[in-house]
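Hi,

Here's the structure I promised to send over. Have a look at it first, and my notes follow below.

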Amino acid sequence: QASALASRGVALDFVFVDHEKKDYLPALLRLERLGLLRPGCTVVADNVYVFEVSDYLSHMRDAGKFKSRYVDAEVEYTPLQNYLSVDSEGRPLSRAVRDGVEVSVYVP
């Protein structure tokens, strides 16, 4: 529980967000409210392109508490190459599904 960590005076240096997508922003706001984010804490949120997490992204990018950027990636467990199709130079064409992570640094 976040409140148990706060009561012990814990401050986090790193947070990886990868759970119920509709809870991304509420969970982060709980951490902020409880004072669990140490200045400079890095927060990485997975699957921010594939799933609708616009409220989370707006907060991270526009609230003035974070320096935030999107890092493009591929969805895990998708085929990386389709070896039956090649481009004009004979290289395999990618069939990967695009996604990414939001990497944010807490700067209160």
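So, to start with one residue: in which strand is the place of Val103? Val103 sits in β6. Keep in mind that this is a predicted model.

A bit more on that residue. Val103 has a relative accessible area of 21%, so it counts as partly exposed, given that buried means under 20%. Leaving out residues up to four places away in sequence, Val103 touches Thr42, Val43 and Val44, and also Lys67, Ser68, Arg69 and Val71. Phe66 lies 37 residues away from Val103 along the chain, with 9.5 Å between their C-alpha atoms.

Now the sheet around it. Four strands make up an open sheet with mixed pairing, and the order is β1-β2-β6-β3. At the edges are β1 (12-17) and β3 (66-74), each pairing on one side only. On average, neighbouring strands of this sheet are turned by 15 degrees against each other, ignoring direction.

The pairing of β3 with β6 (residues 98-106) is antiparallel and runs over 9 bridges. Within it, Val71 is opposite Val101 of β6.

Two helices pack on the sheet as well. Helix α2 (residues 24-33) touches β1, β2 (37-45) and β3, and its direction is at about 170 degrees to that of β2. Helix α3 (residues 54-62) touches β1, β2, β3 and β6, and its direction makes about 135 degrees with that of β3.

Cheers

Technical notes: Residues numbered from 1 in each chain as written. Predicted model: local features only at pLDDT ≥ 70, side-chain atom pairs only at ≥ 80, totals over all residues. Heavy atoms only, no water. Pairing = 2+ DSSP bridges. Axes fitted to C-alpha atoms, helices over the stretch in contact; angles between N-to-C directions. Contact = heavy atoms within 4.5 Å. Buried < 20%, exposed > 50% of the residue type's maximum accessible area, 1.4 Å probe, protein only.
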